[in-house]
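Subject: A structure for you to look at

Hi there,

Here is the structure I promised to pass on to you. Have a look at it first, and then read my notes underneath.

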Amino acid sequence: MTLIDLALDEDLLTDPEVVGDQRGHQTAEQESKNASQSAAVDLTGSLLDRRTVELTLGSRASGIYVGADLAPLILARVAERLERPVPSWDPIIKDGEAVTSGTVIARLHGELPILLAAERTMLNFLCHLSGVATLTRAYVNTVSGTRAVIRDTRKTTPGLRMLEKYAVRCGGGSNHRLGLWDAFLIKDNHLAFAPMVELVSRARQQQPARPLEVEVDSLEQLQECLDLGVDLILLDNMPVAMINEAVRLSAGRCQLEVSGGVGLENLRAIAKTGVDYIAVGALTHSSPILDLGLDYPEL
């Protein structure tokens, strides 16, 4: 089952005549099984005739848009579930482009009940991802003129990591590791159970080609990393004065990344210290949506 299917199940779960009386008395697995065996239905949408209409997707606020490739997939899946023709999707704005209030993003053409059935799921995805890109762009703009690159973290919505990290890139940011499998990041919870020198040695022996980063929260730990020749050091929750000292001590021998306690209010000061990366969990776990909506023709 795809991510889109999981999202659509929340709206087009099942025919209530089939399992409605059993709702609340079944496990999630049983409800999902019943849903897959029943026809999808939009009760209110079924009251409308199947006239063909053209709707427009528009922005209600300024920001960075994301969703040009995702929206038609949602439309197609809804049409398939309801066994009706797939609406057309005519994009005007590309992913990563700026929009303002009133910008027409795309035109949709198809049967009215299908478009309305797809509307909320489509907007849930697009508004959220556009919000991630919009907040990312604000961070990127704030560090403009410095060497600092804005990066995301693994603090993502379960199931949405790849989409959210794509939205970060659309906003001008860069992705940190995608998961636990593509890079070593030795953190305090690892160092609590083994010395840094042993963990660094094991990482280099196991997979020397993989990126290796070590998190430190003191200048003493930083010096230990420098002595071990670590290429990338994560400065965790350090005040700006300590970050400045870390940059001086490292003297270009490694790349430095800052994480923890980072916000738009102190971002510029952190970037001006000369660090290479600034990791911001808020890009994905705290971004507000970008307000988008479908506009209907006058009846």
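A word you will need further down is "helix": here, helices are DSSP runs of H or I with at least four residues, and they are numbered from the N terminus. Please keep in mind that this is a predicted model.

**The chain as a whole**

The protein chain has 12 helices and 12 strands. Its radius of gyration is 24 Å, well over the 19 Å that the globule rule gives for 299 residues, so the chain is more spread out than a compact globule. You can also look at the C-alpha trace, which spans about 70 × 45 × 30 Å along its principal axes.

How much of the chain is buried? Buried residues account for 47% of the 299 residues. As for the surface, the protein chain exposes about 15,200 Å², and 51% of that comes from carbon and sulfur atoms.

Contacts tell you how the chain folds back on itself. Taking contacts between residues at least 6 apart in sequence, 70% join residues that are at least 24 apart.

**Charges and salt bridges**

The side chains include 28 positive and 40 negative ones, and the centres of these two sets lie 5 Å apart. The count of salt bridges comes to 13. Here are three that you can find in the viewer.

Start with Asp 49 and Arg 51, whose side chains meet in a salt bridge at 3.0 Å, N to O. Asp 49 is partly exposed, with a relative accessible area of 43%, and Arg 51 is partly exposed too, at 41%.

Next, go to helix 4, which covers residues 70-81. Arg 77 and Glu 80 both lie in this helix, 3 residues apart, and that is about one turn of the helix. Their side chains form a salt bridge, with 3.3 Å from N to O. Are these two residues buried, partly exposed or exposed? Arg 77 counts as partly exposed, at 24% relative accessibility, whereas Glu 80 is exposed, at 54%.

The third salt bridge joins Arg 147 and Asp 276, with the closest N and O atoms 2.9 Å apart. This pair links distant parts of the chain, as the two residues are 129 residues apart. Arg 147 sits in the loop between helix 5 (112-142) and strand 6 (149-151), while Asp 276 sits in the loop between helix 11 (264-271) and strand 11 (277-279). Arg 147 counts as exposed, at 56% relative accessibility. Asp 276 has a relative accessible area of 11%, and buried means under 20%, so Asp 276 is buried.

Arg 77 and Glu 80 also come up again in a network. Salt bridges with shared partners connect them with Asp 5, Asp 9 and Arg 81.

**One histidine to look at**

Last, find His 190 in helix 7, residues 188-191. His 190 is partly exposed, with a relative accessible area of 36%. Which residues does His 190 touch, leaving out those up to four places away in sequence? They are Leu 185 and Leu 199. You can also compare positions in sequence and in space: His 190 and Glu 215 are 25 residues apart in sequence, and their C-alpha atoms are 9.9 Å apart.

Enjoy exploring, and write back with any questions.

Best wishes

Definitions and conventions
Residues numbered from 1 in each chain as written. Predicted model: local features only at pLDDT ≥ 70, side-chain atom pairs only at ≥ 80, totals over all residues. Heavy atoms only, no water. Rg over C-alpha atoms; globule rule 2.2 N^0.38 Å. Buried < 20%, exposed > 50% of the residue type's maximum accessible area, 1.4 Å probe, protein only. Contact = heavy atoms within 4.5 Å. Areas by Shrake-Rupley, 256 points an atom, 1.4 Å probe, with all protein chains shown as cover. Lys, Arg positive; Asp, Glu negative; His and termini not counted. Charge placed at Lys NZ, Arg CZ, Asp CG, Glu CD. Salt bridge = Lys/Arg side-chain N within 4 Å of Asp/Glu carboxyl O.
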